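Me: I have a structure open and want to go through it piece by piece. Can you keep the answers short?

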Amino acid sequence: MLGRLVEWFSAPAQWSGSAGIPTRVLEHLGYTLLAVAIAAVIALPLGAVIGHTRRGGLAVVGVANGLRALPELGVLVLFVLLLGLGLLPPTLALVLLAIPPMLAGAYSGVAGADPGAVDAARGMGMRESQILLQVEVPAAVPLVLGGVRFATLQVVATATIAAYVGLGGLGRYIIDGFSVRDFPQMLGGALIVAVLSIVVELVLQLLGRFVTPGPDRLRLRGRPDRHAAAAPSSVPTPPSPERPDR
Amino acid sequence: MIEFRDVGKRFADGTVGLESLSLTAREGEITVLVGPSGCGKTTSLRTVNRMVEPTSGAVLLAGRDVAQGDPAELRRGIGYVIQQAGLFPHRRVIDNVATVPVLQGLSRREARARAAEVLERVGLDDALAQRWPAQLSGGQQQRVGVARALAGDAPVLLMDEPFSAVDPVVRVELQDELLRLQADLGKTILFVTHDIDEAIRLGDRVAVLRVGGRLAQFAPPDELLAQPVDDFVSGFVGRDRGYRRLGFLPATALRLVDLPTRADANGDTAGPAVPGEWTVLLDGSERPAAWLGPDGARHDLGSVYVTDGDDAAADAAGTLRGALDAALSSPAGRGVAVDGAGRYRGGVDTDDVLALLDRSAPR
Ligand SMILES: Nc1ncnc2c1ncn2[C@@H]1O[C@H](COP(=O)(O)OP(=O)(O)OP(=O)(O)O)[C@@H](O)[C@H]1O
Ligand SMILES: [Mg+2]
């Protein structure tokens, strides 16, 4: 079995052409990026605004949990029935998958911003939008990134479903392999998905360290932070019930 | 000037935070609101910058009702310091302080220059400006909080228990710092605390509040200590108020006595200058170093009475409290008086202090 797997990977045809591994990986990443980007545009602002106003937090949790419980394949079939074949149905199914973790990350990140800092910001005359963008969003970045990472990993793992509706991506190997009982091909496809997940996770972790504002940020140039080591990394606090008066 | 006119606040849940508070905080003075927890101090403070909107009455700032106009605009003209400091963790200290100037429309460059100025004012080292808030001690964070409130150059400052989260030693430092700043800046400060000692130290006038924001007494600290209007206030200012009040009574009428002294640059304890008497040992620059007992043994000086108040560190300078402390803590039965520079001036006789006390007793 292992020998046949190695054979599958080492066949020259596997590494070029429209059915080759590089193409499939790029297709797979393309579906992922598209779905994550659409979900981010929807979920991040929505979560941030809800986290700021603290109105509708319960609804968010409910909807997010509801979405999480949906079976992706069932959703895909439903969208195909409604919308026909094409890129749209699998993308929508993946968007629904990516929304909950990002929504939760943005919501809890913004709502968990230090209440003292928010109070001070308002008290010194920041407008609500300035409080959100200048104080709460920077504080939310670690949790937002966590949500984005989690969503992306789920989408990478699930984007194989695109192959069910005749699209490409790494799901092709799994589905095609299954239909002709070519187990090395199936296993090879699954392995590539797993490796891709790990690589994506590592890349996102690294990127995250560059965009996190504050003392923990990684900087390529400029003065090193002499005291950075002494700083406790920020632990997000759960949103506390706010006094309604503001 | 901040004027509360029958200010009432009933919260959405029905809690009455303030019944009807009327009070005037004078221009250029520190007005302290003090009272037990939940009595409405924070609520009244926050009606000034409209972080709380009163449900009745009005707050006037320099004669104008704060309820008119844009709250954000109003707040940019009022410094605000809170207990938790509330620094922005993702901004360096200098940029935290530059926040209000930027909001006021200064360029980032000008705002930073202004921030650097203010940081120096509150006694923060240049090196700290580039740090992150998490890299500061609690006391330093509070200083940054004060600097941030001063950076907008607002004439009015609201301070809500700004020093209560730091340890007592640092708290006293910060209080001294505030008094020093205030001597320069002459802001109109409304200061909330639940610590009566802090209120008495800082306040030009102190308002003691009961639950519901009911004003129990509003008076300068010495009057509060001398004549509490009722049991609530006297209970609040404490049993040792008589002693504390001494800190407000000048000891100008106190006559210093001569003590036997012996100059000694080498710390040599060969024996008393005057046999059988307590003698003050002076160092090379005339500062008292120790007592020499009648038997020639060295004893601690005890606390000294600083005659003039130039030295900000000497809290009780020139007051009866300083004189009494010196007399009572000396092993010789008589205290040592020094000038602002610490040079020997004379002795304080316990009987003289007590006689003065007798004459200044409130009737
Ligand atoms: N947003 C709110 N909703 C309901 N009740 C409130 C609200 N804010 C304050 N209160 C209540 O109003 C009263 C006065 O509160 P306030 O915070 O002004 O007290 P305080 O004197 O500052 O007390 P502390 O010394 O504990 O800070 C309290 O009973 C408090 O529970
Ligand atoms: Mg309070």
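Me: Which helix gives the largest share of the shell around ligand 1?
Reply: Helix α1 of chain B, residues 41-48, supplies three residues, the largest share of that shell. Helices here are DSSP runs of H or I with at least four residues, numbered from the N terminus.

Me: Anything I should know about the model?
Reply: It is a predicted model, where local features need pLDDT of at least 70, side-chain atom pairs count only at pLDDT 80 or more, and totals for chains, interfaces and linings use all residues. Residues are numbered from 1 along each chain as its sequence is written, chains are lettered from A and ligands numbered from 1 in the order written, and side-chain values use heavy atoms, without hydrogens and water.

Me: OK, where does ligand 1 lie?
Reply: Between chains A and B. Among the 14 residues around ligand 1, those that come nearest include Ser37(B) and Lys41(B); a residue counts as near with a heavy atom within 4 Å.

Me: How far is the side chain of Ser37(B) from an oxygen atom of ligand 1?
Reply: An N or O atom of that side chain is 2.5 Å from the oxygen. For Lys41(B), a polar side-chain atom is 2.8 Å from an oxygen atom of ligand 1.

Me: New topic: which residues of α5(B) are buried?
Reply: Ala111(B), Ala115(B), Val118(B) and Leu119(B). Buried means under 20% relative accessible area, exposed over 50%, partly exposed in between (1.4 Å probe, protein chains only).

Me: Why are they on the same side of α5(B)?
Reply: Because they cover an arc of only 100° around the axis, taken from the directions from the helix axis to the C-beta atoms.

Me: And which exposed residues are on the face turned away?
Reply: Arg109(B) and Glu120(B).

Notes:
Polar contact = N/O pair within 3.5 Å; in protein donor to acceptor, adjacent residues only side chain to side chain. Helix = DSSP H or I, 4+ residues; strand = E, 2+ residues; numbered from the N terminus.
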